[in-house]
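Visitor: Before we look at the model, could you take me through the reasoning behind the terms used for its ligand sites?

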Amino acid sequence: MAEQFTTYNWVSRVNHWVVALLIIGLLASGLALDLFLEGAQAAPVRNVHKAVGLAALVLGTWRVVWRLTQGFVAPLHHDWQAKAAHLAHVILLVGIVVMPVSGVMMSYFGGHSIVFFGLFTVSGGPKISALNDIAGTVHAGMGKVMIATVLLHVLGAIKHHVIDKDDTLKRMVWRA
Ligand code: HEM
Ligand code: HEM
């Protein structure tokens with residue numbers, strides 16, 4: 001992918017932070033559902049998770065298409081860390097699409113509908129347990145990969161800002 005730019009324009013910044021917030025909330029709520037929420041406690045969290053996840057499908061797809069058509073921004077340094085950071089970005093971009101698609105598939109082939117905050121409902125499909133299982137395995141597996149990658153990504157951003165004192169974080173936030 002061509003590296004045409006040296007900073008992030010405002011569309012890229014809004015895209016990054018809106019989708020980042022959605023994804024962090026979805027990873028946290030998904031993890032809570034997996035680890036400790038059960039029964040009556042789990043149901044409302046699962047419903048919000050599915051509705052926000054549907055929004056993430058639309059906004060995330062737009063965000064990934066934007067990055068792929070615009071190209072990546074050139075890194076500030078050209079070393080092994082830049083290569084690792086780029087790999088993390090690619091994993092995150094893949095996850096932004098794979099997570100909601102597998103989530104919708106899991107729900108659909110489990111026969112469950114998605115209620116989008118009372119505005120509209122996406123009906124559940126036929127119960128096909130093989131497809132439900134595959135989608136669930138992908139959702140859980142990619143979820144773990146994303147949690148690890150987001151943690152490394154955020155640590156990297158903090159390291160650039162605090163230790164290297166360079167413009168990596170600034171050019172995604174306020175500086176041109
Ligand atoms: C970017 C979008 C999404 C992210 C990052 C995400 C993340 C997660 C994570 C980390 C889990 C825990 C998986 C495990 O370890 O077992 C989970 C569970 C789940 N997700 Fe998602 N999810 C997303 C979108 C969706 C969507 C769109 C749906 C359905 C419409 C959905 C439905 C579910 C369901 C049903 C579970 C299982 C909950 C339970 O165990 O009760 N997710 N999600
Ligand atoms: C507090 C959390 C976060 C911080 C501080 C942060 C910080 C940054 C910074 C500074 C960059 C620019 C890196 C560079 O120019 O080399 C960046 C890029 C990127 N971040 Fe994050 N990030 C966060 C959360 C997330 C999350 C949750 C995701 C996944 C959805 C994500 C996905 C990306 C991607 C794909 C890029 C590559 C450029 C782009 O397409 O926007 N970030 N992030």
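Guide: What follows sets computed values from this predicted model against the cut-offs behind each term.

Visitor: What makes His-49 and His-139 donors of the iron atom of ligand 1?

Guide: The NE2 atoms of His-49 and His-139 lie 2.1 Å from the iron atom of ligand 1, and a nitrogen atom counts as a donor within 2.8 Å of the metal, so both are protein donors of that iron.

Visitor: Why is the arrangement around this iron atom called octahedral?

Guide: Six donor atoms surround the iron atom of ligand 1, and the angles that they subtend run from 84 to 179 degrees, which makes the arrangement octahedral. Six donors earn that term if opposite ones are over 155 degrees apart and all others between 65 and 115.

Visitor: Why can the pair His-49 and His-139 be said to tie together parts of the sequence?

Guide: His-49 belongs to helix 2 and His-139 to helix 4, so the pair ties together parts that are 90 residues apart in sequence. Both histidines are buried, a term that calls for under 20% relative accessible area.

Visitor: Turning to ligand 2, what makes the approach of Arg-67 a polar contact?

Guide: A polar side-chain atom of Arg-67 lies 2.6 Å from an oxygen atom of ligand 2, and because the cut-off for a pair of N or O atoms is 3.5 Å, this counts as a polar contact. Arg-63 has a polar side-chain atom 2.8 Å from an oxygen atom of ligand 2, while His-16 has one 2.8 Å from a nitrogen atom of that ligand.

Visitor: Which kinds of residue form the shell around ligand 2?

Guide: Of the 20 residues that surround ligand 2, 13 are nonpolar, four polar and three charged, and helix 1 gives the most, with five residues.

Terms used. Residues are numbered from 1 along each chain as its sequence is written. Chains are lettered from A and ligands numbered from 1 in the order in which they are written. This is a predicted model: local features need pLDDT of at least 70, side-chain atom pairs count only at pLDDT 80 or more; totals for chains, interfaces and linings use all residues. Side-chain values use heavy atoms; hydrogens and water are left out. A residue is near a molecule or strand if one of its heavy atoms lies within 4 Å of it. A polar contact is a pair of N or O atoms within 3.5 Å; within protein, one must be able to donate a hydrogen and the other to accept it, and residues adjacent in sequence count only if both atoms are side-chain atoms. Helices (H or I, at least four residues) and strands (E, at least two) are DSSP runs, numbered from the N terminus. Ala, Val, Leu, Ile, Met, Phe, Trp, Tyr, Cys and Pro count as nonpolar, Asp, Glu, Lys and Arg as charged, and the others, Gly among them, as polar. Donors are N, O and S atoms within 2.8 Å of the metal (3.2 Å for Na, K and Ca); water is not among the atoms, so sites may look incomplete. Four donors count as tetrahedral if all angles lie between 85 and 135 degrees; four count as square planar and six as octahedral if opposite donors are over 155 degrees apart and all others between 65 and 115; anything else is irregular. Buried means under 20% relative accessible area, exposed over 50%, partly exposed in between (1.4 Å probe, protein chains only).
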